[in-house]
Structure formats: C-alpha cells, structure tokens
Amino acid sequence: MSTQPASTEQVWAWLGEVSDPEIPVISVVDLGIVRAVAWEETTCVVTITPTYSGCPAMTVIADSVRDALHSHGVPEVRLVNQLSPAWTTDWMSDTGKAALKGYGIAPPAQQAMDISGLRLGVKRVAAPKLVVICPNCGSSHTELTSQFGSTPCKALYKCLDCREPFDYFKCH
Amino acid sequence: MDQKIEYLLRQGDNALILSQQLSKLCGKGPALEEDMALTNVALDLLGQTRMWLTYAGELEGRGRTEDQLAFLRDAHDMRCCLIVEQPNGNYADTMVRQFYFDTWHYFLMQGLAKSVDARIAEIAEKSIKEITYHLRRSGDLIVRLGDGTPDSHAKTQAAVNELWMYSGEMFLYDAIDDAMVEQGVAPAADGLRAAFIEHVSEIFAEATLTMPDPAAWMQRGGKTGRHSEHLGYILAEMQFLQRSYPGAEW
C-alpha cells in the first residue's frame, strides 16, 4: 500500500458516496455533515457535525465514514465530532435537496430557523408560515399535519390536491 | 470544579428524566401524530443528556461515562428539578409540564450559549435549535387545549394550577447556581424568570387560561437530591436493565 495519502479532494469524493442510513439517496457530504477533511501524517481526520443531538443515525454515519475510507485503503481514520457551529439545513447542497425531492421528501423550504424569533415580540406566531411544495404533484396547496414526522428532522404534511401525505425535511 | 460538575449533572438529569417520562408515552399518545412528536422530543432530550453527562464525567475524572451516570446513580444523587418527575397524567398535564420546562429551557440555553465555558456554550448552541422547536410546539398546543372545548380548557387550567408550584425551582438559585453566575458560566436568575413569566403569560392569555400567581409558594429540593416519590419509580424502570445485568450493552 502506498504511504502517500490520497488528496483531500479524493477523500471528499469518497465521502460523497457514503449515504445517510435513513435517507439513502443523500450522501453525508450533501447533507452537510462533513465539515472538514485533513491529514495528520498517515491519519485521515474527518470532522463531522451531528444533525440532531439524539439522531440515532449518527453512530451509523460515523461507522460508514470509517468503513468507506478503510475500503479505499486509508489505514487510519480519526473522526472529530464538532458541535459548533451547529449543523444547519442551510449546509445541505442543492444536489442533496433535489435528491430528497426525488425521493418523496420535501426539502427545507427556507433558510434555517431564526432562533431569535421568539424574543422579538412576535412570540408564538413567529413560527414561519411556510409554503411547502408537495414532492409528488408539485402543488403548493399543502398543510401541516404534525410538527414531527418519522424522525426528528422531519415534519408530516399532506397535499390538499393529490391527497398524499408526505415528509418534509424541516428547517433547522 | 465540583460545582460545575453538579451544574452539568442538573442539566443532564433534567433532560434525562423528562426524556424518560415522554418515552413512556410511546405507543400510548393521544393520537398517532402526538405519539411520534412526544417520542421525538424525548429523543432530542436524550441526545442533549448525553452531551451534558459526558462532559460531567470528563470533568469528574473518575472514568464514569454517560451511561454510568445515567443508570447507576440513586434518587438522592439525581439533580433534576421536581417538575420533570411529575407524572404524565392526562394529556394536558403532559403538555403543561412540557410548556413550563420548554420555556425555561429555551431562555436558559440562550444564556448558556454565551457561557465562558466553551464546551457548555457549544452544547447550548446545538440544543437551542431543538428546544426552540419544542417550545413552539408546546406553546401551540397549550393554546389549542386552553382555547378548545370546555373539557380541554378545564383540564388544561387544572394542570396549569397544579404544576405551577413546580415551575419556580428552575429559578431558585442556590450556592451552585450563584457560583456559576459569578464565574460567567450561567445566566442570572432574574432575567430568566422575567422572560419566563412574560412568555407564559402571553401564551396563557391567547389560550384563555388564567395565569397563576407568580408570587405563589414554590416547591424545591430536586436540584439538591431531595425528590418526590415519583423519581424512585422512574429510576426503577429506567435503571432496571443495567442494575440487573451490570455492564449490559446493546
């Protein structure tokens, strides 16, 4: 095996093939989880940010990242868990958003939530009035069913035109 | 340093016990959507618990992990506020408990995000996005329940009155909290309490609920390990596996 480490671009490309275990059409890179790739001599250091504090997929993601790099001949991999700046759906790539839509999950409809909203006097109504497009028929005539869907990252919507329920990857 | 460990345990234990309480509703929520939402909130809180307890264990330096801290401490060693150990009751009880907690949690994390302790600031910054969502949801539901049917209104008002005496402990600072404020680790109580009262009263007004007397007598004790009888039962269920099969892992 070559002792010459692969370029960081190459590592990014390999990581681009590691998919999210719960949403296999989107890679961990497109999801914005991978923040940095660097070499410390022969150790590949990958910095990742957790999506949600309790997301059970994070352990699997960490294992998949390690496995993927091992399979490409990287002998030593170190994962750094970085909390700050906190992960946001703004880091999701356009490719990732398109893949979500194709998979039947409506992608985040706006910039990440403004956490100062509740303090600005608008209080409860500060929850943004979103237009979420139905990933099945493209209608904007949709309605929130539940603020939480099958996972913490999703809310449950229904389309009032095609009548299909669908998941919405909420802004975070 | 010991005071900071205690302070971290308080944060971790609040999130842990409330998470455990909400998890009990899995499969029993009043509607499928609510069932999913409550367990998702429980999951967020569990994730936050892990960050707090891991840090507490590291500072302690005795090799205790998040799991050992969660599953091998007895009731008198737990540092959660009394409000999180109050029973799930009916759905109004669950949501009012959640609303009081979320409101306090939200304003506390805003303060902790500015902590001089970088790790605490990071955990708070991470958690605040989830907590904002929790608070929006519980506030919405309080309005729907309060300004709903006569039955939902009556049950929600009863829960509001019943749980009010547990809402004060979160703002009753003792020597540990004061030391954290002094060191720039935690925000002062006064601002937190004012923000809490303001938000709660606004939501109650919209929900047509009567705001309890802010000067009412408040329960206390949880933060220093003097708990209600409920905690023993909660821990018995939560810790059963680890106590019966020491070292068991998934």
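The overall architecture of chain B is described below, followed by an annotated segment of chain A. The model is predicted.

Chain B is built from nine helices and contains zero strands. Read from the N terminus, its order of elements is accordingly α-α-α-α-α-α-α-α-α. Along the principal axes, the C-alpha atoms of chain B occupy a box of roughly 55 × 40 × 30 Å. The radius of gyration of chain B is 17 Å, in agreement with the value near 18 Å for a compact globule, because chain B has 250 residues and the rule of 2.2 Å times the number of residues to the power 0.38 applies.

Burial and contacts were also computed for chain B. Of its 250 residues, 58% are buried, where buried denotes under 20% relative accessible area. Among contacts in chain B with a separation of 6 or more, 82% join residues that lie 24 or more positions apart. The accessible surface of chain B amounts to about 10200 Å², and carbon and sulfur atoms contribute 54% of this area. Chain B carries 23 positive and 37 negative charges, and the mean positions of the two sets are 3 Å apart.

For chain A, an unreviewed UniProt entry assigns the feature "domain: MIP18 family-like" to residues 9-73. Within residues 9-73 of chain A, helix accounts for 34% of the chain and strand for 20%. The C-alpha atoms at the two ends of this segment of chain A are separated by 15 Å.

Note on methods. Residues are numbered from 1 along each chain as its sequence is written. Chains are lettered from A and ligands numbered from 1 in the order in which they are written. This is a predicted model: local features need pLDDT of at least 70, side-chain atom pairs count only at pLDDT 80 or more; totals for chains, interfaces and linings use all residues. Side-chain values use heavy atoms; hydrogens and water are left out. Helices (H or I, at least four residues) and strands (E, at least two) are DSSP runs, numbered from the N terminus. Buried means under 20% relative accessible area, exposed over 50%, partly exposed in between (1.4 Å probe, protein chains only). Contact means heavy atoms within 4.5 Å. Accessible areas come from the Shrake-Rupley method with a 1.4 Å probe; for residues, only the protein chains shown count as cover. Lys and Arg count as positive and Asp and Glu as negative; His and the chain ends are not counted. The place of a charge is taken as NZ of Lys, CZ of Arg, CG of Asp or CD of Glu. UniProt positions are given in the numbering used here, feature names are shortened, and annotations may be inferred rather than shown by experiment.
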